[in-house]
Amino acid sequence: MNLIFLGPPGSGKGTLAANLHKLTGLPHISTGEMLRGYIRAGAPLGLRAKAFIDKGELVPDELVIEMVRERLSADDCKNGYMLDGFPRTVPQAEILDGFQTIERAVLLNLDDETIIARLSGRRVCSACGNTYHTSMLGESTACGKCGGLLVQRPDDSEATIRNRLRVYHSQTAPLVEYYRGKGILSEMSVEGTVEDNTGRLLRLLGMEKS
Ligand code: AMP
């Protein structure tokens with residue numbers, strides 16, 4: 001299945017996609033994660049993208065589209081994939097439709113104030129990428145999985161989160177109607193726990209274990 005996750009930053013697209021990957025093996029393709037990888041590697045694409053990412057703005061369509069086109073041509077995507085963070089604009093969706101068939105789009109619904117609380121307390125392991133929330137960490141600054149240092153993503157400051165939400169509502173939210181119009185949109189609330197939301201997602205997609 002070729003699947004897209006839609007929803008504001010902080011709605012848990014990455015966490016749910018990672019869980020679904022563990023359960024089904026479908027490749028999880030996160031454009032934000034790919035861009036951060038290019039930044040860490042000091043690659044030209046990363047250097048161009050960083051200024052936009054740090055401000056909470058979208059990276060220009062042409063940079064992201066070519067990166068995704070190349071990734072989706074890889075062998076592991078032949079039997080389906082999950083896109084997390086792409087498309088983020090209507091032009092990206094239209095270009096994607098020109099070379100891929102998207103079968104399902106799942107919109108994760110969460111209100112802005114909950115998102116700000118979640119993202120401003122998010123800490124990420126600088127070694128393995130595992131994420132935590134400060135409310136669960138106490139004084140700890142080490143990853144419970146690998147011992148790596150926990151850091152705050154530069155774009156998780158409150159001012160930048162608010163800008164990312166503004167950008168989401170103006171540039172990405174129109175995709176909800178785009179996919180609804182194609183008859184492939186499903187919606188789910190993500191207010192509950194990650195376990196509950198993963199179960200709900202599996203049922204929504206008809207992928208629960210019998
Ligand atoms: P994410 O990890 O999905 O929250 O993405 C982090 C940042 O990467 C976003 O705020 C954008 O600056 C950039 N980004 C990720 N995906 C896209 C995309 N499809 N189009 C434009 N910018 C993107």
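## Helix 2 against helix 3

Helix 2 and helix 3 cross in a left-handed sense in this predicted model. Their axes lie 8 Å apart, and the packing angle is about 120 degrees. Those are the two quantities to look for, since two packed helices are described by the angle between their axes and the distance between the axes. On the helix 2 side, Leu35, Tyr38 and Ile39 make the contact, and they meet Leu45, Gly46, Ala49, Lys50 and Ile53 of helix 3.

The loop between these two helices holds Ala41. Is Ala41 buried or exposed? With a relative accessible area of 63%, Ala41 is exposed, because that value is over the 50% cut-off. If you measure from Ala41 to Tyr179, you should find 34 Å between the C-alpha atoms, for a sequence separation of 138 residues.

## Helix 1 against helix 10

Another helix pair worth displaying is helix 1 (residues 13–24) with helix 10 (residues 194–204), whose axes come within 10 Å and cross at roughly 65 degrees. This crossing is right-handed. Helix 1 contributes Thr15, Leu16, Asn19, Leu20 and Leu23 to the contact, while helix 10 brings Val194, Asn197, Thr198, Leu201 and Leu202.

## The nonpolar cores

The largest nonpolar core counts 31 residues, and Ile4, Leu72, Leu83, Leu96 and Tyr179 have the most contacts inside it. Two or more residues come from each of strand 1, helix 2, helix 3, helix 4, strand 3, helix 5, strand 4 and helix 9. Which element gives the most to this core? That is helix 4, with six residues.

A second core, separate from this one, has 20 residues, among them Phe5, Ile115, Met188 and Leu202.

Tyr179 is a good residue to select if you want to explore the larger core. Beyond its neighbours within four places in sequence, Tyr179 is in contact with Ile4, Leu6, Pro87, Ala93, Leu96, Ile102, Ala105, Ile184 and Leu185.

## Helix 5 and its buried side

Helix 5 spans residues 90–99, and its buried residues are Gln92, Ala93 and Leu96. Why do they sit on the same side of the helix? They cover an arc of only 95 degrees around the axis, which puts them on one and the same side of helix 5. The general background is that an α-helix has 3.6 residues a turn, so residues three or four places apart point the same way. The cover over these buried residues includes strand 1 (2–6), helix 4 (61–72), strand 3 (81–84) and helix 9 (174–181).

Just past the far end of the helix, Gln100 is found in the loop between helix 5 and strand 4. The side chains of Gln100 and Tyr81 are joined by a polar contact of 2.6 Å. Not counting residues up to four places away in sequence, Gln100 touches Asn2, Leu72 and Tyr81.

## The loop leading into helix 5

Thr89 belongs to the loop between strand 3 and helix 5, and it caps the N-terminal end of that helix, with a side-chain oxygen 3.1 Å from the backbone nitrogen of Gln92. Thr89 counts as buried, because its relative accessibility of 7% is under 20%. Its side chain also makes a polar contact of 3.2 Å with the side chain of Asp61. Leaving aside neighbours within four places in sequence, the contacts of Thr89 are Leu58, Asp61, Gln171 and Leu175.

Pro87 has its place in this loop too. The peptide bond that joins Phe86 and Pro87 is cis, with omega about -5 degrees. As general context, most peptide bonds are trans. Pro87 is buried at a relative accessible area of 2%. Apart from residues up to four places away in sequence, Pro87 touches Ile4, Leu6, Gln92, Ala93, Leu96, Thr172, Leu175 and Tyr179. The C-alpha atoms of Pro87 and Leu175 are separated by 8.2 Å, although their positions lie 88 residues apart along the chain.

## Met82 in strand 3

Strand 3 holds Met82, which counts as buried at 0% relative accessibility. What does Met82 touch, not counting residues up to four places away in sequence? The set is Leu3, Phe5, Ala17, Leu20, His21, Leu26, Pro27, His28 and Ile29. For Leu26, the C-alpha separation from Met82 is 6.7 Å, and the two residues are 56 residues apart along the chain.

Conventions
Residues numbered from 1 in each chain as written. Predicted model: local features only at pLDDT ≥ 70, side-chain atom pairs only at ≥ 80, totals over all residues. Heavy atoms only, no water. Buried < 20%, exposed > 50% of the residue type's maximum accessible area, 1.4 Å probe, protein only. Helix = DSSP H or I, 4+ residues; strand = E, 2+ residues; numbered from the N terminus. Arc of directions from axis to C-beta. Contact = heavy atoms within 4.5 Å. Polar contact = N/O pair within 3.5 Å; in protein donor to acceptor, adjacent residues only side chain to side chain. Core = buried A, V, L, I, M, F, W, Y, C linked by side-chain atoms within 4.5 Å. Axes fitted to C-alpha atoms, helices over the stretch in contact; angles between N-to-C directions. Left-handed = near helix turned anticlockwise from the far one by under 90°.
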